[in-house]
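Grab your viewer and a coffee, and let's work through a few exercises together. Try each task on your own before reading the solution under it.

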Amino acid sequence: MCIRDSYHGITVLSGGRHTLKNLTINGHSGENICGVAMFDTRDNTLSNNIIKTNGVGVMLLRSHENEIVLGEIHHNDHQGIDLNRSHDNMIKQIDLQFNNGKSTGFLAANGAIRLHKSDRNTIMLNTLIDNNYSGILLKVSSDNLLSHNTLIDNHQMGIVINDSHRNRISRNKIEHNDTAGIQLYYSNNNQITNNHVAFNGVGVKEANCLDNVWHGNYIWFNLKIYSGCGYHGVASMSSFIGNTITGDKGDAIYLEQGANPIIRKNNIFDNDGAGLTNIDTTVSVIADQNWWGDPAGPGANQTVQGNVTVQQWA
């Protein structure tokens with residue numbers, strides 16, 4: 001059943017296979033009030049709509065296999081798109097700007113796109129610019145694909161992964177976000193590959209994580225606030241292989257609190273700080289087969305600091 005009402009702009013309840021297309025839905029503001037609210041439904045399509053100045057742009061609760069494609073979602077008080085316990089949905093080619101992201105629930109941080117306990121969703125080819133909190137936030141959400149999105153000038157992080165596992169974050173352009181480009185907390189077995197991460201506060205950061213794979217990322221000129229480092233590892237053990245880190249304001253790689261990633265075959269050069277710093281004296285970090293900006297290895301272009309062993313270099 002699809003209802004147009006004075007509370008939410010449009011409410012879709014149970015059933016499914018509705019199409020909402022070429023609509024402008026605006027002015028339904030207030031806490032937990034949505035432009036489009038979808039509850040316990042599946043296989044609906046939202047296409048080429050303009051959804052603005054609502055409390056939440058689009059909310060899916062226990063709703064699966066829906067498509068939100070094309071269109072604009074902007075200037076909403078909270079999230080642009082909010083998925084809660086919703087699986088196997090597609091969010092594609094949406095322009096999300098100026099969503100305020102005020103938190104009303106489970107987490108102080110927020111995102112223009114927020115997933116909570118939502119798995120196997122695809123978020124791709126979206127543009128997320130100048131949202132008041134983060135661009136995309138995953139909380140207790142696993143096996144999702146985030147690919148080919150553009151995240152620029154968001155006021156916290158570009159992408160946040162919190163207590164979420166086995167997600168794939170690939171080929172995104174992540175620039176000029178105030179705090180960090182990509183940040184992971186308590187999240188394991190994620191694949192972060194071939195992303196372009198530049199001009200953020202910190203390039204990428206993970207804390208209390210295991211077995212994430214960072215590969216093929218280009219991380220450069222991160223310098224706005226905090227240390228400006230390329231990769232910041234805190235109490236984490238992941239694989240950092242085949243990435244390029246250059247031009248960052250601080251250290252290329254900064255490790256603390258027992259962080260001990262596999263560091264291999266990276267290109268590390270021309271950063272303002274050290275190439276690799278490990279401040280935990282109880283952990284010996286091995287860096288193997290990396291390029292340090294000079295054929296002689298670390299020293300001339302990039303130094304290493306702390307309890308670090310360098311084995312071979314490219």
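What follows is a set of five exercises, each with a worked solution.

Before you start, note that this is a predicted model, where local features need pLDDT of at least 70, side-chain atom pairs count only at pLDDT 80 or more, and totals for chains, interfaces and linings use all residues. Residues are numbered from 1 along each chain as its sequence is written, and side-chain values use heavy atoms, with hydrogens and water left out.

**Exercise 1: a strand and its neighbours**

Work out which strands pair with strand 8, and in which sense.

Step 1. Get the terms straight: helices (H or I, at least four residues) and strands (E, at least two) are DSSP runs, numbered from the N terminus. Two strands pair if DSSP finds at least two bridges between them.

Step 2. Take strand 5 (residues 34–39), which runs parallel to strand 8 and is joined to it by five bridges. To find your register, start at F39, whose bridge partner in strand 8 is L61.

Step 3. Now go to strand 11 (residues 81–84), which pairs with strand 8 in the parallel sense over four bridges. Here V58 has I81 as its bridge partner in strand 11.

Step 4. Check burial, where buried means under 20% relative accessible area, exposed over 50%, and partly exposed in between (1.4 Å probe, protein chains only). Six of the six residues of strand 8 (residues 56–61) are buried, so the strand is largely enclosed by the rest of the structure.

Step 5. Keep one general point in mind while you look: in a regular strand the side chains alternate between the two faces of the sheet.

**Exercise 2: salt bridges across the sequence**

Find the salt bridges made by R62, D82 and K249, and say where the partners sit.

Step 1. Set the criterion: a side-chain nitrogen of Lys or Arg within 4 Å of a carboxyl oxygen of Asp or Glu. With that, the structure holds eight salt bridges.

Step 2. R62 pairs with D40, and their closest N and O atoms are 2.7 Å apart. That pair links distant parts of the chain, 22 residues apart: R62 is in the loop between strand 8 and strand 9 (67–69), and D40 is in the loop between strand 5 and strand 6 (45–47). R62 counts as partly exposed at 38% relative accessibility, and D40 is partly exposed at 38% too.

Step 3. D82 pairs with R114, with 2.9 Å between the closest N and O atoms. D82 lies in strand 11 and R114 in strand 14 (residues 111–116), so the pair ties together parts 32 residues apart in sequence. As for burial, D82 is buried at 5% relative accessible area, and R114 is buried at 6%.

Step 4. K249 meets D272 in a salt bridge at 4.0 Å, N to O. K249 is in the loop between strand 31 (244–246) and strand 32 (253–256) and D272 in the loop between strand 34 (267–269) and strand 35 (276–278), so this pair ties together parts 23 residues apart in sequence. D272 is exposed, with a relative accessible area of 57%.

**Exercise 3: the cavity**

Which elements give two or more residues to the lining of the largest cavity?

Step 1. Define the search: on a 1 Å grid over the protein atoms alone, a cavity is a set of points where a 1.4 Å probe fits but cannot get out, and lining residues have an atom within 4 Å of a point. Grid points are joined across faces, edges and corners, and a volume is the space filled by probe spheres set on the points.

Step 2. The structure holds one cavity of 30 Å³ or more, and the largest cavity has about 50 Å³ of space.

Step 3. Its lining includes L46, N48, I68, E72 and I94. Strand 6, strand 9 and strand 10 (72–74) are the elements that give two or more residues.

Step 4. Sort the lining by type: seven nonpolar, four polar and one charged. Here Ala, Val, Leu, Ile, Met, Phe, Trp, Tyr, Cys and Pro count as nonpolar, Asp, Glu, Lys and Arg as charged, and the others, Gly among them, as polar.

**Exercise 4: aromatic pairs**

Classify the ring geometry of F199 with W220 and of W214 with Y231.

Step 1. Rings of Phe, Tyr and Trp (its six-membered ring) pair if their centres lie within 6.5 Å; planes under 30 degrees apart count as stacked, over 60 as edge-to-face and the rest as tilted. The whole structure has six aromatic pairs.

Step 2. F199 and W220 are tilted, at 5.9 Å centre to centre and 55° between the planes. F199 is partly exposed at 26% relative accessible area, and W220 is partly exposed at 22%.

Step 3. W214 and Y231 are edge-to-face, at 5.9 Å centre to centre and 75° between the planes. Both W214 and Y231 are buried.

**Exercise 5: a distance check**

How far apart in space are A287 and A300, C-alpha to C-alpha?

Step 1. Locate A287 in strand 36 (residues 285–290).

Step 2. Compute the distance: A287 and A300 are 17 Å apart, with their positions 13 residues apart in sequence.

Note on methods:
On a 1 Å grid over the protein atoms alone, a cavity is a set of points where a 1.4 Å probe fits but cannot get out, and a pocket is an open set with protein on both sides within 12 Å along at least five of seven lines; lining residues have an atom within 4 Å of a point.
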